[in-house]
Amino acid sequence: MNKIIVAKKIIEFRRKNHLTQGEFGDLLGVSAQAISKWERGLCYPDITILPDLAETLGCTVNDFFEQCDT
């Protein structure tokens, strides 16, 4: 698993949904700081939150592990 790909995918899907880090965090029940850490590749989202993350962003869990467009 490549941390950079996961981070870029979270950013990509969050921006496509026109969500700030704070708005996205509120939807998931995590802080904007947690979202920031995920997007900077400092840590991963907890595996148990991945289905909610995907549902909120309108994608699949597998999408986070595929190559990025950018």
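1. Start at helix 2. On one side of this helix, Asp26 and Leu27 are exposed. Its buried residues are Phe24, Gly25 and Leu28. These three span an arc of only 100° around the axis, so they sit on the same side of helix 2. Asp26 and Leu27 are on the other side. Keep in mind that this is a predicted model.

2. Now the overall layout. The protein chain has 4 helices and 0 strands. Along the sequence the pattern reads α-α-α-α. The chain has 70 residues, and 40% of them count as buried. Its accessible surface is about 4300 Å². Carbon and sulfur atoms hold 51% of that surface.

3. Contacts across the sequence deserve a look. Take the contacts in the protein chain with a separation of 6 or more. Residues 24 or more positions apart make up 58% of them.

4. Next, the core. Nonpolar side chains tend to be buried together in soluble globular proteins. Here the largest nonpolar core has 15 residues. Those touching the most other members are Ile10, Phe24, Leu28, Trp38, Leu53, Leu57 and Phe64. Four elements give two or more residues to this core: helix 1 (3–16), helix 2 (21–28), helix 3 (32–39) and helix 4 (50–57). Helix 4 supplies the largest share, 4 residues.

5. Which residues of helix 4 are buried? They are Leu50, Leu53, Ala54 and Leu57. Their arc around the axis is only 95°, which puts them on the same side of helix 4. The general rule behind such a pattern is simple. An α-helix has 3.6 residues a turn, so residues three or four places apart point the same way.

6. Leu53 is a good residue to click on. Set aside its neighbours within four places in sequence. Leu53 is then in contact with Ile10, Phe24, Leu28, Trp38, Pro45 and Phe64. Five of these names may look familiar from the core: Ile10, Phe24, Leu28, Trp38 and Phe64 are among the residues that touch the most other members there.

7. The structure holds 1 aromatic pair. Phe13 and Phe64 form it, in an edge-to-face arrangement. The ring centres are 6.0 Å apart, with 80° between the planes. Phe13 lies in helix 1 and Phe64 in the segment after helix 4, so the pair ties together parts that are 51 residues apart in sequence. Are these two residues buried or exposed? Phe13 counts as buried at 11% relative accessibility. Phe64 also counts as buried, at 1%.

8. Helix 3 comes next. Its buried residues are Ile35, Ser36, Trp38 and Glu39. They cover an arc of only 160° around the axis, so they share the same side of helix 3. Note that Ser36 and Glu39 appear in this list beside Ile35 and Trp38.

9. What does Glu39 touch? Glu39 is in helix 3. Its relative accessible area is 9%, under the 20% cut-off, so Glu39 counts as buried. The Glu39 side chain makes a polar contact with the side chain of Gln21, at 2.7 Å. Beyond neighbours within four places in sequence, Glu39 is in contact with Ala7, Ile10, Ile11, Arg14 and Gln21.

10. Back in helix 2, look at Gly22. Gly22 is partly exposed, with a relative accessible area of 29%. Gly22 and Gln33 are 11 residues apart in sequence. In space they are 8.3 Å apart, C-alpha to C-alpha.

11. Several helices are followed by a glycine with positive phi. Gly29 follows helix 2, and its phi is near 75°. Gly41 comes just after helix 3, with a positive phi of about 75°. Gly58 comes just after helix 4, with a positive phi of about 70°.

12. One residue needs a separate check. His18 has a positive phi of about 55°, although His18 is not a glycine. Where is His18 placed? His18 is in the loop between helix 1 and helix 2. At 71% relative accessibility, His18 counts as exposed.

Notes: Residues are numbered from 1 along each chain as its sequence is written. Side-chain values use heavy atoms; hydrogens and water are left out. Buried means under 20% relative accessible area, exposed over 50%, partly exposed in between (1.4 Å probe, protein chains only). Contact means heavy atoms within 4.5 Å. Accessible areas come from the Shrake-Rupley method with a 1.4 Å probe; for residues, only the protein chains shown count as cover. A nonpolar core is a set of buried Ala, Val, Leu, Ile, Met, Phe, Trp, Tyr and Cys residues joined through side-chain atoms within 4.5 Å. Rings of Phe, Tyr and Trp (its six-membered ring) pair if their centres lie within 6.5 Å; planes under 30 degrees apart count as stacked, over 60 as edge-to-face and the rest as tilted. The arc is that of the directions from the helix axis to the C-beta atoms. A polar contact is a pair of N or O atoms within 3.5 Å; within protein, one must be able to donate a hydrogen and the other to accept it, and residues adjacent in sequence count only if both atoms are side-chain atoms.
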